[in-house]
Amino acid sequence: MFTGIVEELGHVVAVQDLPDAARIRVSGPIVTSDAKHGDSIAVNGVCLTVVDVEDNTFTADVMRETLVRSSLAKVAEGDKVNLERAAAVGQRLGGHIVQGHVDGTGTILAREKAEHWEMVHIGLPPQLARYVVEKGSITVDGVSLTVVTVAEDQFTVSLIPTTLELTTLGRRKPGDHVNLEVDVLAKYVERLAVPHLRAIAGEETQ
């Protein structure tokens with residue numbers, strides 16, 4: 001589990017294409033300071049398992065499902081990436097509950113700059129729209145953010161200077177793809193509620 005509070009901005013050292021998979025090596029002195037084989041590190045919001053650690057870098061395998069659902073399919077050597085280690089028991093939950101299981105990708109549509117913050121408009125895939133609510137939580141490239149406004153096909157988030165400076169979101173341009181993970185609680189509520197709602201609807205039609 002993660003919290004969506006990015007610990008450092010790392011960069012991709014190497015990418016190796018494999019049959020239906022990929023292997024990436026990422027540089028991140030902070031997240032590798034205590035990392036070992038089998039640990040989890042979120043890369044742009046994608047939970048990856050550490051294969052090995054060497055000289056402030058770690059290697060992780062990316063399976064086909066992850067390549068299909070996330071922007072890691074297009075990651076290249078030199079790209080900046082958001083990094084976060086798995087949450088430790090007993091620490092403060094600064095963001096929200098993040099699994100590191102990307103639900104899909106969105107597209108940066110526009111950016112509106114203000115003096116002390118920036119509003120970013122992000123395209124929302126139709127299958128995820130029902131899980132996004134105004135003032136709810138969403139993870140964008142591994143960053144826990146609060147939804148400002150939401151429509152059927154897009155939503156907005158407001159970025160403070162720290163987020164702009166210390167994460168990839170300060171560098172994303174219109175047209176760029178970002179990883180999205182909706183609030184897992186919304187998905188569980190839907191899963192539990194739908195059978196009951198269908199049963200009620202069936203009773204009303206009888």
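# Exercises on a two-repeat chain

Of the 206 residues in this protein chain, 41% count as buried. The model you are looking at is predicted, so let us explore it step by step.

**Exercise 1. Find what radius of gyration a compact globule with 206 residues would have, and set the chain beside it.**

Solution. Start with the rule: for 206 residues, a compact globule would have a radius of gyration near 17 Å. Next, take the value for the protein chain, which is 18 Å. The two agree. To picture the outline, add the box filled by the C-alpha atoms, roughly 65 × 40 × 40 Å along the principal axes.

**Exercise 2. Work out how helix and strand are shared over residues 1–96 and residues 97–193.**

Solution. Begin with the whole protein chain, which has three helices and twelve strands. UniProt, in an unreviewed entry, places the repeat feature "Lumazine-binding" at residues 1–96 and 97–193. The domain feature "Lumazine-binding" is placed by UniProt, again in an unreviewed entry, at residues 1–96 and 97–193. Now look at each stretch. Residues 1–96 are 6% helix and 46% strand, and their end C-alpha atoms lie 10 Å apart. Residues 97–193 are 16% helix and 41% strand, with end C-alpha atoms 21 Å apart.

**Exercise 3. Decide whether Glu-84 is buried or exposed, and find which residues it touches.**

Solution. First locate Glu-84: it is found in strand E6, which covers residues 80–85. Its relative accessible area is 5%. Buried means under 20%, so Glu-84 is buried. Then look for partners, leaving aside neighbours within four places in sequence: Glu-84 is in contact with residues including Phe-2, Ile-5, Val-31, Ile-41 and Gly-142. Take Val-31 as one case: Glu-84 and Val-31 are 53 residues apart in sequence, yet their C-alpha atoms are 6.7 Å apart in space.

Now step back to the protein chain: among contacts between residues at least 6 apart in sequence, 69% join residues at least 24 apart.

**Exercise 4. Find how much area the protein chain exposes and how far apart the mean positions of its positive and negative charges are.**

Solution. Take the area to begin with: the protein chain exposes about 11300 Å², and carbon and sulfur atoms supply 53% of it. Turn next to the charges, of which 19 are positive and 29 negative. Their mean positions are 1 Å apart.

Definitions and conventions:
Residues numbered from 1 in each chain as written. Predicted model: local features only at pLDDT ≥ 70, side-chain atom pairs only at ≥ 80, totals over all residues. Heavy atoms only, no water. UniProt positions renumbered as here; feature names shortened; annotations may be inferred. Helix = DSSP H or I, 4+ residues; strand = E, 2+ residues; numbered from the N terminus. Rg over C-alpha atoms; globule rule 2.2 N^0.38 Å. Buried < 20%, exposed > 50% of the residue type's maximum accessible area, 1.4 Å probe, protein only. Contact = heavy atoms within 4.5 Å. Areas by Shrake-Rupley, 256 points an atom, 1.4 Å probe, with all protein chains shown as cover. Lys, Arg positive; Asp, Glu negative; His and termini not counted. Charge placed at Lys NZ, Arg CZ, Asp CG, Glu CD.
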